[in-house]
Amino acid sequence: MRTTLVEYAETWPLIGRDDELKAAATALTSGGLVLTGQPGVGRTRLAGEVLRRWVATGGEHEWVTATRTAAAEPLAAVSHLLPAGLRAGQLPAVLAAAAARFARRPGPVLVGVDDAHLLDDASATLLHHLAARRLATLVVTVRDGEPVPDAVRPLCTGTRIETGPLPPPAARRLLSAALGGPVDPISARRLVRLAAGNPLLLRELLTDTLEGGELDRTEGCWHWTGRVPAGRRLTGTITSRLRTLPADVRAVLELVAAAEPLILARAEQVTGPAAIEAAERSGLAVADRDGTRSRLRLAQPLAGVVLRAGLPAGRATAIRRDLTGTHGSGPVRLHDDVLLAGVRHRGLLMAAARRAVARFDLAPAERLAAAARDAGHPAADWLLAEILLLRGRSAEAAAVLPTVPPRTPGQDVTGGLVRYWGLNRVVEAERALHGGHPLTRATRSWLLLFDGHCHDALTTAESVAGPALPPAAGRPALLRAAAAGALAAGLLGRRARAGELAAAGAAAAGDDPWGRALAGFGLCAARLVAGEPAAAGSLAEDGHRAAVFAEAPALAGVWAGLRGMAATAMGRPATGRAALREALVLLDGADPAHLSWVLLAELAGACALAGDTAEAAACLARSDEHRTAANRIFVAWAERNRAWVLAAGGSVPAAVRRVEHAARLARETQQPGLEVLCHYDAARLGAAHRARHRLRELAARLPDGFAGVLADAAGGLADRDPAVLERATAALAARGHTLLAAEVAVAALDAYRRAGRTDGTRRAAERAATLAGLCPGVRTPLLGGGATRGRAPAALTLREREVALLAPALPSREIAARLGLSVRTVDNVLGRVYQKLGIGGRAELSTILPATPVPARVPALSGRTPGHDD
C-alpha cells in the first residue's frame, strides 16, 4: 500500500508560529491585521488559526478568498456577504445593504481576506466600507512582491506581520508530524534545507518523495535516499512561479541552477549585472560572501531541482560552454572550483573525487572516481575501492581492487582494509600492513584492535602517535593511530591513557570532523567500559550533533549507536532503542567497519531490558545473520546482550552461563573493562558468589576504581549486607550508572527487611523508589517489573522528590527559580524531606539520592557543536 501524507491545511499542526500568533492577538485589540510573506510560507494557515481562536472566544467570522478568476466579475469574491438579489452595478446600495446586514449581527465580526492583492475594486471597496464603520475587523493576507491595486491599499493599513520561513527546528517538528514518526536527523536536515522553511514546498517534496519511493520507513525511522524527484506536485508548484518571470531573470536562475553556488563575477560575465540585480529583486536569487568572493545561489533550492530537470538539452549545452569559457579566465582557488572543473576536465577528475571524499559527498565521489577509472587514470581503481569501502559496499570494493602490488602507502592501506572487511581475509590483511610507513602502521593498529589484540594495537598506535606526536608521521596517520590507541587503551582499562590519546588526536584533527570524531569514538567507548555512561552519553550527544551538522551519515550513525548504548546502560531503554534504530538507519549503505551487527545485538539487549522479548529475539537473529569474520573484538559485546535476551525470556541459568562465556571472550580479546561488566552481570543474574572473586582480582589490576565498586556491590549481593549495598548505591549513582544503582538500592532495602532492621529502611526505601523511578520500564531480576513492584514504597511526594533531587547540587534560590517556587516554599519542602528521612541536612541527603537528575556535561572532542537551530 502506498504511504500517504497527512492531509495539509487543517490537519497539519501549526508549528513555529507562536510569536506571530501573539502579535496577531495584540494587533486585533486595536484594529486590523495584515499578514505578508512569500508563496507557501503559511500566510493562509496562520490567518485561519487567528480566526479559529477568535471563534473559540465567542466571536463571529467570515472568510473571503480572492482569485484572479473571481476578480473578473465585480463583487464575486464577497457575494456570500451580501443580501440576495443585489447587482454589482448598484454599488452604493450594495454597500449600504452589506453594512446594515453586518450591523444586525450580535457581536464583532472578524473577516479573513486571503490574497487580498487579487481582489477586484468593488469587493475591496465593500470590505473597506465595513472596516471603516467598525462593522468588521480585517485579517488580510498579501503575497510579497505582488502589485497591490489602489483600491486594495486601504485594506492593508492594519498591523503588519511578516510571515517568514519556518526556522529549522520548527520545520523539523512539522516534518515528523506530517510523516507521523521520527525522521533520521540527516534526512530531516537535508529535506528542511531543500524546502527552505516553506511549509507548502515541504508538503509537495514529501508527497513526491513518498510516491517515488525515495522516502521510506525502516527501523521505525523515516529515511530519505537523497534523490529529489521532480514530481508532478513539486514541479507544478514551482513552475507556476517561474512562469511569470522575465526572460533575463529566468536565464540567470537557469545559469545558477546549473552550477550553484556560482561566483558572482563569473555569473556577471555570462548574463550581465542588470539581469542579476533583477533576479535578486525577485527574491529567487541571493548573493552572499564566501571567504574573499561573492557567490550567487538560489534562494529556493527546490527551484534548482525543477530548473535542472526541465532544462532543454541545447540550453544546457550553452550554459556549460559559457561556464567553461569563464572558468578558464581565472585561477582555480576554491574547493568548489575543483569540483566544478573536475566534471569538465579529465585531468582534474581524481582531484575532484578526493575533494568530494573529504567533504563526505560519497555519491558524487564514486561517480567521479568511476569516470576517472573509465578514462584510464592509473590510481582510480584504488580510490574507487576506498570510496566503495567507505560506503559499506566491501564486496564491490574487493572486485575493483587491482591485482598489481600497491605503489603508495595509501594504496597499501586500501588493499589491507578491503581484504579485512571486504574479503574477510584477516591474516592476509594484517600481513599486507607490515610496512614501516606511519600510515600503514596506524591502519594496522586498527586491524589488530578489531581482531581482538588490544595490547598490540595500543603498542602499534603509540609507535605513530606517541607522547611527542612526531610531525613526520603525517596528519592522517596521527589521526588514525591516536583514535585506535584511544579505543584500545579504553578497552584495556587504561582510561587516563585513552583520554590523552583522544585529546592528541583531536588536536591533530583541527577542524576536520572525521578526525575529531575518530578520536572521540575511542574516548566515548573508554568511558562506557570504565563505568561512566553519563559522561559517555554527553560526549556522544555532542559528537552526534556535530556529525549531523556536517551531514556525515557514518559518523552520525556511530555516535547514535554510542548514545543508545549509554542510555541503555543508564536504565533508559526507550531512549536507547530509538538511538540504536537511528544508528542502523544512518549506517545502512555507509558502514565501512561493519558495525551494524553489533548495534543490532545492542538493540536486542535494550529490547530485553524493556521486557520486549519478541523484538529482542528478532534483533538478535538479524545480528547473527549480518555477523562477519571481522570485528572479533565485538563478539563478547554481542554475547553479553544475548545473555540478557535469555534472561528476559525466563532462562536465567542459561543467561548466567552465556554471560560468563562472554566474560571469557572479553578476556581472550584483551578487554578487562568489558570482562568486569560481564562478571557483574552474572552477579545481577544471581551468581554473585562466583562473580565476586573474579571481580576482586580485576579490581586489583584496573586503576579506574569501577571494578572495585562492582566487586563491593557483588559482595553485598552475595552477603545481603545492607551497609555495603548502600555504599555501592551511592558510588554507582555518582558515576551516572542509575540502573545499577537502582538495582543495588532495591537489594539494600530487601536486606534491611530480611534482617528485621528498621533503622535504615525508610531511607533505603526512598533511595530505591527514586532511582527506580529514573529507570522507567526497565525489567531485570533485581528490579522486577521496573518500579520495584511495591518493594520500595516512596516516602516522599512527587514535589518533595523533585526538590530533593536538586538539593545536593543547587542552593534553594536556584531550585526555586528552576521549579517556579518561592525560596520559602523550597526550604519548607526540604524540611519535610529531612524529617521523613530522619536526616539533618543536604550533606546527608547526597548520600541517599543522586546528586542531580541531569549528569554534568563533559568537554566535547567532536569539533564544533552547533545548536539545534543550525
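L215 stands opposite W224 in strand 7. The pair belongs to a hairpin: strand 6 (residues 215-218) and strand 7 (residues 221-224) run antiparallel and are joined over 4 bridges. The model is predicted. Its protein has 42 helices and 10 strands. Buried residues make up 54% of the 870 residues.

**The hairpin and W224**

- The hairpin of strand 6 and strand 7 has 2 residues between the strands. One residue to inspect here is E219, which takes a positive phi near 55 degrees.
- W224 lies in strand 7. Is W224 buried or exposed? W224 counts as buried, because its relative accessibility is 5% and the cut-off for buried is under 20%.
- Which residues touch W224, leaving aside its neighbours within four places in sequence? The contacts are D184, S187, R190, L191, L194, T209, E214 and L215. L215 is thus on this contact list and also stands opposite W224.
- L210 and W224 are 14 residues apart along the chain. Their C-alpha atoms are separated by 9.3 Å.

**The parallel sheet**

- An open sheet is formed by 5 strands with parallel pairing. The strand order is 2-3-4-1-5.
- At the edges sit strand 2 (60-65) and strand 5 (159-162), each pairing on one side only.
- Neighbouring strands of this sheet are turned against each other by 15 degrees on average, direction ignored.
- In general, the strands of a sheet pair through backbone hydrogen bonds, either parallel or antiparallel.
- Helix 1 (residues 18-27) lies across strand 1 (33-37) and strand 5. Helix 1 runs at about 175 degrees to strand 5.

**Strand 3 and its partners**

- Strand 2 is joined to strand 3 by 6 bridges, and the two run parallel. Strand 3 (residues 109-114) also pairs with strand 4 (residues 137-143), in the parallel sense over 4 bridges.
- V113 ties these pairings together. V64 stands opposite V113 in strand 3, and in strand 4 the bridge partner of V113 is V140.
- How many residues of strand 3 are buried? The count is 6 of its 6 residues, so strand 3 is mostly covered under the cut-off of under 20% relative accessible area.
- Both faces of strand 3 are covered. V109, V111 and V113 are buried on one side. L110, G112 and D114 are buried on the other.

**Cavities**

- How many cavities of 30 Å³ or more does the structure hold? There are 3.
- The largest cavity contains about 410 Å³ of space. Its lining has 22 residues, and the closest to its centre are M565, T568, A569, E602 and R640.
- Which helices each supply at least two residues of the lining of the largest cavity? They are helix 26 (513-529), helix 28 (553-569), helix 30 (596-609), helix 32 (635-648), helix 34 (672-701) and helix 37 (738-754).
- Rolling a probe the size of a water molecule over the atoms shows where empty space is left.

**Whole-chain figures**

- The accessible surface of the protein comes to about 36,100 Å². Carbon and sulfur atoms account for 53% of that surface.
- Among contacts in the protein with a separation of 6 or more, 66% come from residues 24 or more positions apart.

Note on methods. Residues are numbered from 1 along each chain as its sequence is written. This is a predicted model: local features need pLDDT of at least 70, side-chain atom pairs count only at pLDDT 80 or more; totals for chains, interfaces and linings use all residues. Side-chain values use heavy atoms; hydrogens and water are left out. Two strands pair if DSSP finds at least two bridges between them. Axes are lines fitted to C-alpha atoms, for helices over the stretch in contact, and angles run from 0 to 180 degrees between N-to-C directions. Contact means heavy atoms within 4.5 Å. Buried means under 20% relative accessible area, exposed over 50%, partly exposed in between (1.4 Å probe, protein chains only). Accessible areas come from the Shrake-Rupley method with a 1.4 Å probe; for residues, only the protein chains shown count as cover. On a 1 Å grid over the protein atoms alone, a cavity is a set of points where a 1.4 Å probe fits but cannot get out, and a pocket is an open set with protein on both sides within 12 Å along at least five of seven lines; lining residues have an atom within 4 Å of a point. Grid points are joined across faces, edges and corners, and a volume is the space filled by probe spheres set on the points.
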